[in-house]
Structures are given as structure tokens and as C-alpha cells.
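Colleague: I should like to understand how the descriptive terms for this structure are justified. May we go through them in turn?

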Amino acid sequence: MMHHAKKWVMRQCLLLGYGQVDLLTKKHTDNYWVEKRLIDKNASDGVGVTSNKELIRNTIEKLLPSVDSFEQMVEFLKGIYGWKIRVTDKTVTFATADMKKGIRGNKLGEGYGKDELIERIEHAVAEIKAEQEARRIAEEKERAKAEAAAKEEEVRKAKQIEEERKQREILARKRKLAFERNNIQHQYYSAELNRPDWNREYTDYLNTQFISDYAAFSEEELTAPIMTREEFETKQAVTLYIEKAEKAGLIWEETLSGITILTHRWKWEYMDYLEAIRFKDVDSVTLQEAKEEILTYEEFAEIKELEVKEKELEQVVDDSNEFVYENTVETEIMEQPVIKADIVTKVEPILEDISTIPEEPIDGKTIEEDIELGPVDFTKLSIKERAELLSEPTDDIMAEFNAYCKRMGYTEEKMRSIRYKMSLYDEFMEEYDYRVKNHCKEIMQFCFEKKVEKHEKKVR
């Protein structure tokens, strides 16, 4: 093992041009002084080789990497250097041109015998072949790698060219789609501005639909349709109404806990109005409904009061028309002398039931004060009796409610003892409504009486 290591080191030094070191030389005591004198002489003359043995060894080492066989080495030494070489079956003797006596190879040191040289040459040839094979394989790998890289580069360039072609086609399609889309946007925008009731939100939406950089959009985005005004307002109505419904829910919660039925007559109706807004189907909502503001309680109560008054007025008109119609029929009968007594007979029972007739109506109210009958216990009277004793109710619900509590004996202490105060308010509203109807009845009765009186004057 050490022999091969020494040979490898000496061979590398020879290939790299370093000074040769003989690592294979054996110590020979018989010619030590002869070689030492030769070394000293050569050293004084500046010669690198210090002995014939070293010269032979160096020459052999130089030739070993370049020969293919032992015989070729021998031919080189004889032909190039003029050495005398004698080869037997087991030994080889080397002699330079100026040497009188040759030196056997086994005397040169380990690895210089015939068999050893043959082995070394075969090993060197094998190493050279292995290096050449390794170099060839490496070159083939490099060549294959270069060919694969070239083919990959060719494929990459082909893909890049194809991708660039596709991108150009896509950009061309996008440019066409953007042009068509912008034409549609311009038509919608111009048509909207020409309308007297143009929608600002819709024009803002159309402004966002204009395409300036078509390359930044996908084909799906460019082919997406632009909404018409009807489609936009339908979507806008849904969005606005959802916000309106959420707001109505908040107001509903505030109304439930913030006001009472005692002070706010239309609380439950107002909450029903808010619930109708909250739970309405948004698919059927129009933009106008979505934009309508939610009524406050005061606005809602004012509308409800007007509706009540309109219904009462309609009822009065209907009743008056009925009386007029009946009176007209009776008047036609009264024109016949035979039926005059019958008319008086029919009218008298009606007049007898009227205990008090107002002198003259002013703005729907009588100028007569409440009938003073002394101390009256209203708690023992029926609603009808109380309505006949009391005057026409005013529009101030709270004042009327306080007056009702006072005359019915509901003191502050008694009010605290009542568990369900809503029943008290319901009783008050029942009396209040009856008084309103009773007053309308009195007005109709008064109109009828005047009509009869006027007819009697004509008959007389």
C-alpha cells in the first residue's frame, strides 16, 4: 500500500514539474561512499542528478506515463537515450551510454525490477485508460447536459414566442371588448343625462364602468354587462331598503322601551308601522319606497289623527245625507195636506229625546258651557249618560285624560294602586270616542231640526 502511495506522489511531482524525490530507493551500504562522493561532486558542479541510479530511475519515471508496455519502454530507452539494456526472463539491466557496467533493476530500488516495471506500466496504462474513460464520460455528460440545456432553451423560446402570440391575441380581444363596452357606457350615460329625472347615483356608477386600461381587466370583467337604469335602481332599492329596515328595527326597540301608551296614543300602531318596514319583502320594493324617510312618532300620530277626523267627518256627511234624504222624502209627503199631522207626529218623539240643543255651532264646537247639575257622581253613570252631560271633547288627549281621572276619582294614590293602567286608558278612550260620536249625532239632529223648522214655515 505504501509503495503505491509513494509511486503516486513521485508521479504527481513528475507531472507537475517539481523536483523529483526518490521515495523508493533502498539503502545500500556497499556503495554509500561512492555515491556520496558523486553527490558532493555533482552538487559542487550544480548538477541536479547526484548518481547514475537516480538518473536511471528519473528517466524510467518520465517514460512510464507515456508507454503502453514494457517492451515499448525498452525501445524508447535504447532509441532515444542510447542505453544498453539487457532483458532476461526474470531481470532487466540498465546501462547509460557512459556506464561500463549496468545496474539491475532490482538494485535501483523497489518497483524497478522487471516484473515490478511490467506491473507498474500495466497499472499506469490502466489508470490512464480510466482517466480517459472518466474524461470521456464527463465530456459526454457535459455534452449531453449542453444539448439538454440547448433543447430546453429552444423549447423555452418556442413557449415564450407562443405565449407572446397568445398575449397579443388576448390584448386584441380585450381592446375590442373595451371599445364595445365603452360605447354602451356612453350611450347609457348620454341617455341618462338627457332625462329630466336623471339619477346621480346611476351616473356615478356609469363613470366607474368606463375602461381606460383594458390590459388590467380580465375578459370576464370586460364581458360583464352594464346595468340599465331599471336594473341599477332595483339593486339600489334593495340596498337602501335593507339600511332602512335596520334603522326601523332600532327605532322599534327605542319605541318599545322609550314611550308609554298613556302619553302616546298611537304607540302600538306606530310599532306595527315599523315592523311592516322591517319585514317587508325587499324584492318588491321600489326605489321611491326605499328613499322615503321613516316617519317619527309625532309625524305618524299627526297622520293618524287626521285619518280619524276624516273618518268622523265622512260619517257625519253620510249621516247628514241620510237625514236629508229621509227629510226630502218626508217633505214630499208633507206637501200633501192629509199627511201634515203624521209628519208632526213622527218628528215630536225625536225632539222629545233631545234634552239639550246647542244654539249655534262655531267651528264644529258648541258655545254652550258644560251643563251644571250640581255635584254629580260620574262613577255611577253610564257612558251614554256621561256623554250627554259633558261637552264636546277637545283634541288635547292628555288634558281630556286628566279630566277623566279627576271626575272618576282616580287620585294619585289610587293610580299607584292600579296594577294594569292600560285598562284605565282603554276606559277613557271608550268614553272619549262615545263623546265624539254623540257630538256628531247632536250636530246631525240639529241639522235635521232646522230643516224641519224651515219646511214647516214654508207649509204655513
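The exchange below sets computed values against the definitions of the terms.

Modeller: This is a predicted model, in which local features need pLDDT of at least 70, side-chain atom pairs count only at pLDDT 80 or more, and totals for chains, interfaces and linings use all residues. Residues are numbered from 1 along each chain as its sequence is written, and side-chain values use heavy atoms, with hydrogens and water left out.

Colleague: Why are H3 and H4 called oblique to each other?

Modeller: Helices H3 (residues 52-63) and H4 (residues 70-81) pack at an angle of about 120°, their axes lying 11 Å apart. Angles under 35 degrees count as roughly parallel, over 145 as roughly antiparallel, 65 to 115 as roughly perpendicular and the rest as oblique; H3 and H4 are therefore oblique.

Colleague: Which residues make the contact between H3 and H4?

Modeller: Thr59, Ile60 and Leu63 of H3 meet Met73, Phe76, Leu77 and Tyr81 of H4, where contact means heavy atoms within 4.5 Å.

Colleague: What makes E1 and E2 a pair of strands?

Modeller: Strands pair if DSSP finds at least two bridges between them. Four bridges join E1 (residues 84-87) to E2, and the two run antiparallel. One bridge partner of valine 87 is valine 92 in E2, and a hairpin of four residues joins E1 to E2.

Colleague: How do you know that both faces of E2 are covered?

Modeller: In E2 (residues 92-95), Val92 and Phe94 on one side and Thr93 and Ala95 on the other are all buried, that is, under 20% relative accessible area with a 1.4 Å probe, protein chains only.

How values were computed. Buried means under 20% relative accessible area, exposed over 50%, partly exposed in between (1.4 Å probe, protein chains only). Axes are lines fitted to C-alpha atoms, for helices over the stretch in contact, and angles run from 0 to 180 degrees between N-to-C directions.
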